[in-house]
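Hi everyone, thanks for coming. I'd like to walk you through one structure today, so please have the picture open in front of you.

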Amino acid sequence: MTILFALVPLAMALLVVAIVAFFWAVREGQFEDLDTPAVRILLDDPEARDG
Amino acid sequence: MTSCFHCGEAIPSGVDLALTVEGHRRPVCCPGCLAVAELIERQGLARFYDFRSVPSARPKNATGEASPWAVCDRPEVARRLATDVGNDRQEVRCQVDGVTCAACVWLLERGVRAIDGVEDVSVNPVSGETAVRFVPGKTGVRAILEAIASFGFEPRPALLGRRARGQSEAARDELKRLAVAGLGSAHVMTLAAALYVGDFTRLDATYASFFVLASMLIATPVVLYSGAPIFRSAWRDLRRGRLGMDVPVALAIGAALVASLVNTFRGVEPVYYDSATMFVFFLALGRFFESRARHRAGGLFDALADLRPLGASRVRDGALERVGTIELAVGDRVVVAPGEAVPADGTLLSTHATFDEALLSGESAGRRRARGETVLGGSLNAGHAPAEVEVTRLGADSYLERVGGLLHRALADRPGFLRLADRWAGVFTAAVLVLAAAAGAFWLVVAPERAFEIVLALLVVTCPCALSLAAPTAFAVALGRLARHGLLLRSARALERVGDVTTWLFDKTGTLTEGRMVVANLQTFADAKPAECSAVAAALESGVEHPVARALCGERAVAPAAGVEYRPGFGVSGLVGGRRYRLGSARYVGAASEPARGQCVYLADERAVLARFDLADTLRPHAKEALAKLAEGARLVLVSGDEARAVTSVARSLGLAEFHAAQTPDDKLELLRERQRAGAVVAAVGDGINDAPLLAQADVSVAFVAGSQLARASADVVFTGTDLRVLARLPEWAGAVRRIVRQNLAWAAGYNLAAVPLAATGVLTPWMAAIGMSVSSLLVVANALRLNRALASAPTPLPASRAALLESAAT
């Protein structure tokens, strides 16, 4: 059980990493458009034409 | 009669254009469609025609000479169009018209991505908003906009204003706070769960205090960061001496945090980190949904800003130079070509000119202006000749900006429903404080060491989470839903009041009618044939923006007549098929004038008068049905400034018993006041500039988005659709919202009544508090979400393009 003394701080460190990653994503504008990706999946992607 | 391969419209006889697509010869209706179709084929994107579910929009006739986007090369303009997005890349955003289905999105993305230098294209299929990321050295805004246009779409670039950027910053902050709250509360809950269990099994004290310490380290910054807006707002309220909704909330969160910190250092058990963080999370979530709903509704209003054109023709040293509208200065002289939009507010220098101010004033006929009169930026030159204008007002001073600002500020107003909850909040906070004081006093006498923690427990559990979430959530859901029906609510006060309305006042032009002229009747004389007369009239007025001209041309693009001469105030003459015709007023064509007829134009050739076109305004579709529905619960009155004959005929066709014609704005206002004095709750529906005072005075006001900006700024509800049946359902929907909010408030009150005894008697444990708060919050939100179903059913079918889009997305 003493492992918890290592695991809990580790979890907190991961929390910080997660927050930093999220802030980066927001800054990159990843969350600007939340509506289109839902519809975009349904758009067919045809085979590329040669030439 | 075959139809055009590209746009689906009928191919006029005599036109023989075609292209070969995948081995088949396909006819098209005009050079515009041909150019676009050829481009699509050349780029290898002909699969577009297989994918699409609706015909494409017909490309606008190009004005010929210079590309309309040439101004985008000018550094001043380019600066305002593209933003730096880091990594030496820039991004340009624009609204693209003509995106009718998912295939268009595909076409646009691929077509534009093919440009060298473009990295990413993203098109929103529902709103048409497009963002293009590119390398500034390799390509520019002009090339991108030209590419979009070459595929048959119409791009409208958004000039970056402080407003747009500001909103996005706030939205990002909210998102960050939400994420921090969510992630933090997840961690804290995990630790708290261990502590809950530890209450029942025997948990070693070292571990317990370790978990508490970890919770403190996470919860404190999370609550302070994500809860900052609440604290700031509560502080603002307190400074103004009001007890708003945020005050008890901030009090509770603060108490939870303080109590937990104190207890942590004292080494005593009850800590409330989990409640504090979780509550902050719920609040952040509620605010996030609310602002998303508002953003979706508000997105429409950016479109109003680009009524002004991107470029203008400025007179410099006797020659015309093409500059960006941004670069104009007061005192500059600009020339506005026929059909072009006026770039800025100014004074007319030409002798006469006619302007279409429909988007500004809602009037369907063009306004004739004389030298020296004011011309508004955004209106269209509806005449046959260019007009010269001297710029007098720019930027923030301009009419458009001022009205737009008014509207924007009004939209950002706090909804009225929260004011209902705010009223409760004052009473509520007072009651809670009294209770807390009483309990504290009691326990100080009985068992002093428990007094502090019990008082804090009381403050925490009576936290009005349900109360403070109830109204905003309901409003957010309602706002979003109603926006989808085309009803943009400026405040929840309107929603509240609509249920009480006893009398509806309607304007005529632009409200019950479309505000657009159409040919109501064609009377031919001699042996003229109607179809030929129509064609001649269309040819004579082809390409002119005047409402009358548009009525005569219909939606067709007709080859213009040759040798066109225009006599202002009289009419136009030109050669069609070798014969000279005249189209205009009775006097101009030599016919007997009949003033009692209302608006009409005559057509004559050199020998005789051939036809008379009677013009009228069309009634909005389904107006009669809509009014019948409203009449079920209230009285309907038509008040109009138009003359008696027109008003009577409209009233009769709509089945309105009470109507008043020839009313001045003052008359209308007086009528409104009279009804209000008699005790009626009056709703006013209008659109013109002259309706603004009426709309401000009414208990509930509805304006149409195609009406004047001023009317919109004074109205509670802006209707962006055209089907009045949607409006007729507003009372019903308002009733649904009211019911839900009452249910929520009742539930919130009940929960508190149950929780207070538990806390006051010292029985409450942290896990009870946490469960109580989360369950009550979730119940309130779930209840508010029921509004989605209640407001969902729409009697009106969506506009064809959107229906097709959603249909293609669903298959």
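**Sheets, helices and a core**

Let's start with a small sheet in chain B: three strands, open, in the order 13-12-15, with antiparallel pairing. At its edges are strand 13 (367-370) and strand 15 (380-381) of chain B, and each of them pairs on one side only. Before I go further, please keep in mind that this is a predicted model.

Now look at how strand 12 of chain B, residues 352-356, meets strand 15 of chain B: the two run antiparallel and are joined by two bridges. If you want one pair to click on, B:Asp356 has B:Leu380 in strand 15 of chain B as its bridge partner.

Next comes another open sheet in chain B, this one with six strands in the order 9-8-10-16-11-14, and again the pairing is antiparallel. Why is one side of strand 9 and of strand 14 of chain B left without a neighbour in the sheet? Strand 9 (319-324) and strand 14 (374-375) stand at the edges, and each has a single partner strand, so there is nothing in the sheet on the other side. Further in, strand 10 (residues 333-336) and strand 16 (residues 387-393) of chain B run antiparallel and share four bridges. There you'll find B:Arg333 standing opposite B:Glu390 of strand 16 of chain B.

While we're here, have a look at the loop between strand 8 (311-316) and strand 9 of chain B, where B:Asp317 sits. B:Asp317 has a positive phi, near 50°, and is a residue other than glycine. Is B:Asp317 buried or exposed? Its relative accessibility is 81%, so B:Asp317 counts as exposed.

There is another aspartate like this in chain B. B:Asp88 is not a glycine either, yet it has a positive phi of about 65°. You'll find B:Asp88 in the loop between strand 3 (82-84) and strand 4 (90-97) of chain B. B:Asp88 has 66% relative accessibility and therefore counts as exposed.

Those two strands form a hairpin with five residues between them, and in that hairpin B:Gly86 takes a positive phi near 85°. Strand 3 and strand 4 of chain B run antiparallel, joined by three bridges, and B:Thr83 stands opposite B:Glu91 in strand 4 of chain B.

Strand 4 of chain B has further partners. Six bridges join it to strand 6 of chain B, residues 129-134, in an antiparallel arrangement, with B:Cys94 opposite B:Thr130. Strand 4 also pairs with strand 7 of chain B, residues 154-157, over four bridges, once more in the antiparallel sense. In that pairing, the bridge partner of B:Val96 is B:Pro155 in strand 7 of chain B.

For parallel pairing, let's jump to strand 18 of chain B. Strand 18 runs parallel to strand 25 of chain B (residues 635-639), and four bridges join them; B:Trp504 stands opposite B:Leu636 there. Strand 18 of chain B also pairs in the parallel sense with strand 27 of chain B (residues 682-686), over four bridges, and B:Phe506 has B:Val685 as its bridge partner.

Which way do the residues of strand 18 of chain B point? B:Thr503 and B:Leu505 point one way, B:Trp504 and B:Phe506 the other way, and all are buried. As background, side chains in a regular strand alternate between the two faces of the sheet.

Now for the helices. Helix 7 (residues 205-226) and helix 8 (residues 228-239) of chain B pack at an angle of about 55°, with their axes 4 Å apart. The two helices are therefore oblique to each other. Helix 7 of chain B makes the contact through B:Val223, B:Leu224, B:Tyr225 and B:Ser226, and helix 8 of chain B through B:Ala228, B:Pro229 and B:Phe231. By class, that contact has six nonpolar residues, one polar and no charged ones.

Helix 7 of chain B comes back in my last topic, the largest nonpolar core. This core has 62 residues, and the members that touch the most others are A:Val8, B:Phe211, B:Ile218, B:Ile253, B:Tyr273 and B:Leu283. Helix 7 of chain B gives the largest share of the core, 11 residues.

To finish, zoom in on B:Ile218. Leaving aside neighbours within four places in sequence, B:Ile218 is in contact with A:Met12 and A:Leu15, and also with B:Gly184, B:His187, B:Val188 and B:Leu191. Thanks for listening!

Notes
Residues are numbered from 1 along each chain as its sequence is written. Chains are lettered from A and ligands numbered from 1 in the order in which they are written. This is a predicted model: local features need pLDDT of at least 70, side-chain atom pairs count only at pLDDT 80 or more; totals for chains, interfaces and linings use all residues. Side-chain values use heavy atoms; hydrogens and water are left out. Two strands pair if DSSP finds at least two bridges between them. Axes are lines fitted to C-alpha atoms, for helices over the stretch in contact, and angles run from 0 to 180 degrees between N-to-C directions. Angles under 35 degrees count as roughly parallel, over 145 as roughly antiparallel, 65 to 115 as roughly perpendicular and the rest as oblique. Contact means heavy atoms within 4.5 Å. Ala, Val, Leu, Ile, Met, Phe, Trp, Tyr, Cys and Pro count as nonpolar, Asp, Glu, Lys and Arg as charged, and the others, Gly among them, as polar. A nonpolar core is a set of buried Ala, Val, Leu, Ile, Met, Phe, Trp, Tyr and Cys residues joined through side-chain atoms within 4.5 Å. Buried means under 20% relative accessible area, exposed over 50%, partly exposed in between (1.4 Å probe, protein chains only).
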